[in-house]
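Here is a set of questions and answers for someone meeting this structure for the first time. Each answer works towards the name or value that was asked for.

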Amino acid sequence: MLSEFQETLLQSVKAYQSTQLVKNKYENVLQHLDSGIMLFDSDGVLTFVNVQMARLLEIPRHSLIGCNLLQLLRHPHLSRFKKKKILRLYRETIFYRKKNHELVDEYGRYWLTTVTYGDQMDGDFLLSVKDVSDFKLIEQTAYQNDKLAMLGKISAAIAHEIRNPLTAIRGFIQLLRPHLVQLGRDEYARIILTEIDRANDIIYEFLNSSKPTAPQKTVMSITSLLKEVVLLTESEALMKGCEIHLKEADTVMNVSIDVKQIKQVLLNMIKNAMDAIEEVEGDHAGVIDIHVKPDGRYVNVTIRDNGNGMDKALLARLFDPFFTTKEKGTGLGLSVSYRIIKNHRGHIHVDSVKGAGTVFVIALPLVI
């Protein structure tokens, strides 16, 4: 009888040990997922949090276990920004029954947050957070390409139809100009011709943004090109109260580029920087810093200004065709620049803070 009892006890111990091994194995898997995971029980107490979630909250794991939501929000190490996001998550989940949320953190990364609860969780609440920044970048690139393709169709359809009558109007105005001079109205002719030329320039930008010519590449030093661009813009910069500082690299870095197209991009970036500095009210000493440095197989050209800066909403639409905040802008300059850099197998990154300035980083492949 004792032997049977001992055997039953031994089997129970083995079963318990086996269960613990399985539990530890699954817990170990959850701990090392690249997604952040938190589990609240039916009483709202945090019973499990993995390493990734603790890293995202920037709080040690051991100080999180056993907290309820209120205690979590009052945690001394939890930033104010994260408190706002957690409260928004709670409100949308409880009051609007929303289970999927997309959030942007203070570092500009995108996170997909999913809340699972109900009968399938036996009253528990499972919160999982995954970094989807790379997917978001692919989505934004595809969206940008779709808009540029749409722009191509529009411009191809209307450009020639508008250009032909403009050419005819320009010709007739030139024929009438002597008569306007006799009437003392030569200024009218000048204004009309100027506006026709401006309309033609806009049409040219439409065509260039939809079908930019294939780059006619030449190997040259990126520093030499930047020196030339600074020389072209420094007089205008001085007139607008700006200083342009070019920090040259220690080594020669050659790139294979269409000089005319890349010069167009750089001039556009510097002109935008000057315009942003002009927007700042009061006595403001404008500074535009340009420097180059290698980054693996690329060379990064950084253009930094201390202008008015942009908020996140404006930043998100910066490369959209036709989007502009300038009174006389077409909204095509940065859209064209984006396409030119893409055609050179490079990329543009921009970061900005409202009231603190903007940084553009143009990356171009190095010639090795």
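Q: Which residue forms a salt bridge with Arg190, and how far apart are the N and O atoms?
A: This is a predicted model, and the pair in question belongs to helix α6 (residues 186–210), where the two residues lie three residues apart, about one turn of the helix. Arg190 is partly exposed at 40% relative accessibility, and its partner is also partly exposed, with a relative accessible area of 44%. The side chain that meets Arg190, at 2.6 Å from N to O, is that of Glu187.

Q: Which helices are linked by the salt bridge between Glu228 and Lys263?
A: The side chains of Glu228 and Lys263 meet with N and O 2.5 Å apart. Glu228 counts as partly exposed at 34% relative accessibility, whereas Lys263 is buried, with a relative accessible area of 19%. The two residues are 35 residues apart and link distant parts of the chain, namely helix α7 and helix α8 (residues 259–278).

Q: Is Glu92, the salt-bridge partner of Lys98, buried or exposed?
A: Lys98 and Glu92 form a salt bridge in which the closest N and O atoms are 3.7 Å apart. On the Lys98 side, a relative accessibility of 35% makes the residue partly exposed. The cut-off for a buried residue is under 20% relative accessible area, and because Glu92 has 15%, Glu92 counts as buried.

Q: How many salt bridges does the structure hold?
A: Beyond single pairs, there is a network of salt bridges that links Glu236, Lys240, Lys271, Asp275 and Glu278. For the structure, the number of salt bridges is 11.

Q: What is the strand order of the sheet that contains β1?
A: Strand β1 is joined to strand β5 (residues 125–131) by five bridges and to strand β2 (residues 46–49) by three bridges, the strands running antiparallel in that pairing. The sheet is open, has five strands and is paired in antiparallel fashion, with the order β2-β1-β5-β4-β3. Its edge strands, each pairing on one side only, are β2 and β3.

Q: Why is strand β1 described as largely enclosed by the rest of the structure?
A: From β1, Gly36, Met38 and Phe40 point one way while Ile37 and Leu39 point the other way, and all are buried. Strand β1 (residues 36–40) is therefore largely enclosed by the rest of the structure, because the buried residues number five of the five.

Q: Which residue of β2 is the bridge partner of Leu39?
A: Two other residues of β1 also have known positions across from a neighbouring strand: Phe40 stands opposite Phe125 in β5, and Met38 stands opposite Val49 in β2. The hairpin of β1 and β2 has five residues between the strands, and there Gly44 takes a positive phi near 85 degrees. For Leu39, the bridge partner in β2 is Phe48.

Q: Which residues is Val104 in contact with, leaving aside its neighbours within four places in sequence?
A: Val104 has its place in strand β3 and is partly exposed, with a relative accessible area of 33%. Helix α4 lies across β3, β4 (110–116) and β5, running at about 160 degrees to β3, and the C-alpha atoms of Val104 and Lys85 are separated by 9.1 Å although these residues are 19 residues apart along the chain. With those sequence neighbours left aside, the contacts of Val104 are Phe81, Lys85, Arg109 and Tyr110.

Q: What accessible area do the residues of the nonpolar surface patch have together?
A: One member of the patch, Phe95, lies in the loop between α4 (80–94) and β3 (100–104), and Phe95 is exposed, with a relative accessible area of 60%. Together with Phe95, the patch is formed by Tyr90, Ile94, Tyr96 and Phe125, and the accessible area is about 540 Å².

Q: Which helix packs on the sheet with the order β7-β9-β10-β12-β11?
A: This open sheet of five strands has mixed pairing, and its edge strands are β7 (242–247) and β11 (347–353). Within it, eight bridges join strand β10 (residues 298–305) to strand β12 (residues 357–365), which run antiparallel, and Val299 has Leu364 of β12 as its bridge partner. The helix that packs on this sheet touches β7, β9 (286–295), β10 and β12, its direction makes about 170 degrees with that of β7, and it is α7 (residues 222–239).

Methods
Residues are numbered from 1 along each chain as its sequence is written. This is a predicted model: local features need pLDDT of at least 70, side-chain atom pairs count only at pLDDT 80 or more; totals for chains, interfaces and linings use all residues. Side-chain values use heavy atoms; hydrogens and water are left out. Two strands pair if DSSP finds at least two bridges between them. Helices (H or I, at least four residues) and strands (E, at least two) are DSSP runs, numbered from the N terminus. Contact means heavy atoms within 4.5 Å. Axes are lines fitted to C-alpha atoms, for helices over the stretch in contact, and angles run from 0 to 180 degrees between N-to-C directions. Patches are made of residues with over 30% relative accessible area and no salt bridge: like charges are joined within 9 Å, nonpolar side chains (Val, Leu, Ile, Met, Phe, Trp, Tyr) within 5 Å. Accessible areas come from the Shrake-Rupley method with a 1.4 Å probe; for residues, only the protein chains shown count as cover. A salt bridge is a side-chain nitrogen of Lys or Arg within 4 Å of a carboxyl oxygen of Asp or Glu. Buried means under 20% relative accessible area, exposed over 50%, partly exposed in between (1.4 Å probe, protein chains only).
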